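Take a look at the model below. Two topics follow: how two domains meet, and how one sheet is built.

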There are 2 protein chains.
Amino acid sequence: MGSIDKTSRMPLYFQLVELIMKDIEEGKYLENEKIPSERELCDIYQLSRVTVRQAIAELEKMNILHKEHGRGTFVSPKMSQTLQKFYSFTDEMIKLGKSPSSKVLSFDIVKANKKVARKLNCAIDTKVFEIIRLRYADDDAMMYERTYLPYHRFEGLSKSAIENYPMYDVFRTEYDVIFSKAEETLKPVTTRDYEADLLNTNPAIPSMKIERITFEDDAIIEYTISIARGDQFEYRVVLD
Amino acid sequence: MGSIDKTSRMPLYFQLVELIMKDIEEGKYLENEKIPSERELCDIYQLSRVTVRQAIAELEKMNILHKEHGRGTFVSPKMSQTLQKFYSFTDEMIKLGKSPSSKVLSFDIVKANKKVARKLNCAIDTKVFEIIRLRYADDDAMMYERTYLPYHRFEGLSKSAIENYPMYDVFRTEYDVIFSKAEETLKPVTTRDYEADLLNTNPAIPSMKIERITFEDDAIIEYTISIARGDQFEYRVVLD
């Protein structure tokens, strides 16, 4: 068990937040298990009730713990995303019993820079849509996404369509897209301060960066970079 | 382009390391592309040759850049691990043209704790092997791995076997294991100081935590937790 350093400049409640996160990480408390009561935590760590409450409140805000009325405080399960078949954030959230929504932060037509051109397999400076969105599960921000789409394939695409319908539904119904496959690349990254702000999380917690390219036959019709909260998702794959 | 803050307490060379990493991250310099020369970097960032050299040396040590004699300094490609079929570190490194090796840091028989028991699907306190290894590609430490194996299935397993042969080869030849499948879970995590020391990397760079359980028919015969350097690997999956 870690311990609290009362001489540290780091606030006590924050030290407790980190200790509890480490205990969860190391399997001392498993998902859906009850953690010790506030009173017990006060005894274990020799902290005041106020400090313990502040730590628990912080962990609740981060969706790491949740209270069940009259039963105690429990470790919230991570959302497990199986990487096997083509999926959409919207469908996955519905499967998990969450209510998905998105907020379009910006919707622009821009010129493809070097990286975007490479990913969409087009020339540098080709016109592309750039759509930046925050994706929510219930009312919690979960992912920050930047999507690039070839302009010529989605001419006429409007911000309001993207605001009001799942993007892939718009592709299918308005543009007759038939997805052939997608490729995703996963990498752990530092959460930048502005991303942490938008995602209402702690910048000390790394995020998963997921880059997706989506194919229609052999043509690439989407390049999306997602920054997903590292404390909320895990990615699962079955190897045969 | 970011800039150098000469009033910051952070060393100048380290600021340049971070700027170059950000430029690579954002696609300003792509994999296998040449970055500006030392002289050009001095001009761009208004830094001394000594500082620029120190930053480049640091990035070379981290395997992020490499020099090609007489040609310049290039962005090193990440090792791309495709998550589709059953793979071993040894085989993957060989495919990438690297020479894999391992160092066994510890080899013990211990009692399964709560998390290990849950993963191996056995009772708490069951006897298990705990094998801690560092995995190398050429001479660079790439992963820190803790493996748990049910004692009853691998009775007689010796440290020297694990030191001298690929683990899965030992399983197959000495214990007639036929793997049926494996499941992996990926999650971005903060690199702990001792892990960064062992992996000879910067603790500010997050790592990928990969948990694998391996099946023989329906029985789980391995639980491995890998901490893989986030600056060296990316994980790729094809979604159909």
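A salt bridge is a side-chain nitrogen of Lys or Arg within 4 Å of a carboxyl oxygen of Asp or Glu. Between domain 1 of chain A and domain 2 of chain A, the count is 0 salt bridges. Keep in mind that this is a predicted model.

**The two domains of chain A**

The domain assignment splits chain A into domain 1 (12-75) and domain 2 (89-228). Here is how they meet.

| Item, domain 1 and domain 2 of chain A | Value |
|---|---|
| Distance between C-alpha centres | 34 Å |
| Residues in contact | 4 residues from domain 1, 4 residues from domain 2 |
| Buried area | about 410 Å² |
| Polar contact | 1 residue pair |

Carbon and sulfur atoms give 53% of the area buried between domain 1 and domain 2 of chain A. Which residues of domain 1 of chain A lose the most area to domain 2 of chain A? They are A:K61, A:M62 and A:N63. Together they make up 67% of what the domain 1 side buries.

**A sheet with strands from chains A and B**

Now turn to the sheet. It is open and has 8 strands, with mixed pairing. The order is β3(A)-β10(A)-β7(B)-β8(B)-β9(B)-β6(B)-β5(B)-β4(B). β3 (79-82) of chain A and β4 (100-111) of chain B each have a single partner strand, so one side of each is left without a neighbour in the sheet. On average, neighbouring strands of this sheet are turned by 20 degrees against each other, direction ignored.

Look at one edge in detail. β4(B) pairs with β5 (residues 127-137) of chain B in the antiparallel sense, over 11 bridges. B:P100 has B:A137 in β5(B) as its bridge partner.

Terms used
Residues numbered from 1 in each chain as written. Chains lettered and ligands numbered in written order. Predicted model: local features only at pLDDT ≥ 70, side-chain atom pairs only at ≥ 80, totals over all residues. Heavy atoms only, no water. Pairing = 2+ DSSP bridges. Helix = DSSP H or I, 4+ residues; strand = E, 2+ residues; numbered from the N terminus. Axes fitted to C-alpha atoms, helices over the stretch in contact; angles between N-to-C directions. Domains from an automatic or database assignment. Contact = heavy atoms within 4.5 Å. Buried area = accessible area lost by both parts, 1.4 Å probe. Polar contact = N/O pair within 3.5 Å; in protein donor to acceptor, adjacent residues only side chain to side chain.
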